[in-house]
2 protein chains.
Amino acid sequence: MVRSRPFAVTSIDSVADGVHFELSTHSPADVGWKALAQALSDLAAMGADAGEAYVSLALPEGFDGALDLVGGMEELASTAGATIAGGDVITAPTLVVSVAVTGWADDESKLVGRDGAKPGDLIAVTGALGGSAAGLLALHGETPADDELTRRHRRPLPRLREGAALAAAGVSAMIDVSDGLAADAGHIARRSRVQLRVELARLPLAPGVEDVELAATGGDDYELLVTVPPECRDEAAEAAELTWLGDVRAGSGVALVGADGSPRTGLRGFEHR
Amino acid sequence: MVRSRPFAVTSIDSVADGVHFELSTHSPADVGWKALAQALSDLAAMGADAGEAYVSLALPEGFDGALDLVGGMEELASTAGATIAGGDVITAPTLVVSVAVTGWADDESKLVGRDGAKPGDLIAVTGALGGSAAGLLALHGETPADDELTRRHRRPLPRLREGAALAAAGVSAMIDVSDGLAADAGHIARRSRVQLRVELARLPLAPGVEDVELAATGGDDYELLVTVPPECRDEAAEAAELTWLGDVRAGSGVALVGADGSPRTGLRGFEHR
């Protein structure tokens, strides 16, 4: 039983072995961390404060990592100010971890959706991009081993503090970069019925990432992509470390453009009409 | 975003193909119904009002029943006064459905746990027992086909109205009969540190059920088992149709006794120390 704050937002996410992770490259603790991080990142993108997490573990017979898995989750929960408040364990043929998280806000106007971007708004992103995707390539031996990049892949940090601060600063739309920047920008474009115009050369590359395509399309960075009304620009820049990427225009879809404004096409996840 | 009521309770449950159901005997709509029913039943057992459900579907490649599954869930949600408010769909090797439900209460004292049973309390159960287990036997062809019993297995009805009314009537502990009456009585006994003494001959058998063992140990009936302080007896009996089963004593575990008070042993799920 939880004493409520005035507004609740809840998000549920699942990860499955062989689809979102592989036990050959992820420890059970990594899996627990990732499952919770993904759910908390949704709260961050709404500007909500992290509250309680409810966990359902579907465990194959003989899987002996359940305690480690929950341990990884507890580790992130304590970092993020969340509480693991309940759960359920079932047997299933495959390891599937589902996490529902509830976040809270005292004021409805402090919560941000994906549907508020308007022409004239600026576009920005927290942190750096492509690190998680690059870490996955390193884990799979496709690029040289890199502890920092693989850590970014295995132990992503949901941007809860930044999300709440950006919401308070008046951003008009916000989403976490889970599907890749181009795809997630597309979600805002669709929901807000606008075009997001992003200059590829401005994308902040994570240390060790040289490929702008990885930064534009790689998923699981859990940075926050925001649209910012011009009058909120300074306040947003104080709320979080941002890189300014472009602007919102009338239209639809996402335009990924070169420094000269020429459209770039052919990127995975690219969406442009 | 949900405008809160003062107290929130959240429960998460999952069901997996081949473990909690089989697509050979359950339609996708049955699976959706069952997954939500199980989660809502947890709210019923706390006396909370059903609020929002958040659903995560892990679907195998080629599974084409997702819309039907959600349709079955929607059907129960509208009956139960719940709202399917969010969800997530992933690909996974096995069909796993996870449902997190949030229930609400205006007053902390209206919520009931498993830990409040006291010696001298009476024990009662709503509805009738064994129907779901008997329905499963019929589905598997081990007993003659019986539409009513198989419906009870496939489409259980969480006792939300009864749970809220029983909580308001002052029951001291409450649990839904999901593992079977004997096992679930054991959960109350353990959490309340008392003994639950149940007279087997009093168990209300579902129509078509003749075996008292099925009624004592069969799961998934989703009836509510309550302990009732003697002074609340009349109010509880007005709150829901109850069958009185026995009483709470000092001690531990569950004593299933014959009409003459002699202990019955050897039942599956039987717990007695």
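In this predicted model, the bridge partner of A:Ala8 is B:Val2, which sits in S1(B). That pair belongs to a short link between the chains: strand S2 (residues 7-16) of chain A and S1(B) run antiparallel and are joined by two bridges. Stepping back to the whole contact, 36 residues of chain B touch 36 residues of chain A. On the chain B side, at least two residues each come from strand S1 (2-3), strand S2 (7-16), strand S3 (49-59), strand S4 (83-91) and strand S5 (96-105). The biggest giver is S2(B), which puts nine residues into the side of chain B that touches chain A. Sorted by class, the residues on that side come out as 18 nonpolar, 12 polar and six charged.

Strand S3 of chain B, one of those that supply the contact with chain A, also has partners within its own chain. With S5(B), it pairs in the antiparallel sense over nine bridges, and B:Tyr54 stands opposite B:Ala100 of S5(B) there. With S4(B), the pairing is parallel and runs over eight bridges; here B:Ala53 has B:Ile84 in S4(B) as its bridge partner. Of the 11 residues of S3(B), eight are buried, so the strand is largely enclosed by the rest of the structure.

Further along chain B there is an open sheet of six strands, in the order S7-S9-S6-S10-S8-S11 and with mixed pairing. Its edges are strand S7 (173-176) and strand S11 (253-257), each of which pairs on one side only. From one strand to the next, the twist averages 25°. At the S7 edge, four bridges tie S7(B) to S9(B), and the two strands run antiparallel. Two of the facing pairs can be picked out along this seam: B:Ile175 stands opposite B:Leu225 in S9(B), while B:Met174 stands opposite B:Val226 in S9(B).

Although S7(B) is an edge strand, its side chains are not left in the open. B:Ala173 and B:Ile175 point one way and B:Met174 and B:Asp176 the other, and all of them are buried. Helices pack on this part of the sheet. Helix H1 (residues 28-46) of chain B touches S7 and S9 of chain B, and its direction makes about 165° with that of S7(B). Helix H5 (residues 160-169) of chain B lies across strand S6 (122-126), S7 and S9 of chain B, running at about 5° to S9(B).

H1(B) also meets another helix. Its axis and that of helix H2 (residues 66-80) of chain B come within 6 Å and cross at roughly 40°, which makes H1(B) oblique to H2(B). The crossing is right-handed. On the H1(B) side, the residues that meet H2(B) include B:Pro28, B:Val31, B:Trp33, B:Leu36 and B:Leu40; on the H2(B) side, they include B:Leu69, B:Val70, B:Met73, B:Leu76 and B:Ala80. Glycines turn up as well, among them B:Gly32 in H1(B) and B:Gly71 and B:Gly72 in H2(B). Counted by class, this helix-to-helix contact has 14 nonpolar, three polar and three charged residues.

Over in chain A, helix H4 (residues 147-154) has a buried set made up of A:Leu149, A:Thr150, A:Arg152, A:His153 and A:Arg154. Charged side chains are thus on that list, with A:Arg152 and A:Arg154 both counted as buried. The cover over the buried residues of H4(A) includes helix H1 (28-46) and helix H3 (131-139) of chain A.

Two backbone oddities round out the picture, one in each chain. In chain A, A:Asp220 is a residue other than glycine, yet its phi is positive, near 65°. A:Asp220 sits in the loop between helix H7 (212-217) and strand S9 (224-228) of chain A. Loop or not, A:Asp220 counts as buried because it has 23 C-beta neighbours inside 10 Å, where 20 or more are needed. In chain B, the residue to look at is B:Tyr222, which is not a glycine either but has a positive phi of about 60°. B:Tyr222 lies in the loop between helix H7 (212-217) and strand S9 (224-228) of chain B. With 24 C-beta neighbours inside 10 Å, B:Tyr222 counts as buried too.

Definitions and conventions. Residues are numbered from 1 along each chain as its sequence is written. Chains are lettered from A and ligands numbered from 1 in the order in which they are written. This is a predicted model: local features need pLDDT of at least 70, side-chain atom pairs count only at pLDDT 80 or more; totals for chains, interfaces and linings use all residues. A residue is buried if 20 or more other C-beta atoms lie within 10 Å of its own, exposed if 12 or fewer, and partly exposed in between; C-beta atoms are placed from the backbone. Two strands pair if DSSP finds at least two bridges between them. Axes are lines fitted to C-alpha atoms, for helices over the stretch in contact, and angles run from 0 to 180 degrees between N-to-C directions. Two residues are in contact if their C-beta atoms, placed from the backbone, lie within 7 Å. Ala, Val, Leu, Ile, Met, Phe, Trp, Tyr, Cys and Pro count as nonpolar, Asp, Glu, Lys and Arg as charged, and the others, Gly among them, as polar. Angles under 35 degrees count as roughly parallel, over 145 as roughly antiparallel, 65 to 115 as roughly perpendicular and the rest as oblique. A crossing is left-handed if the near helix is turned anticlockwise from the far one by less than a right angle, and right-handed if clockwise.
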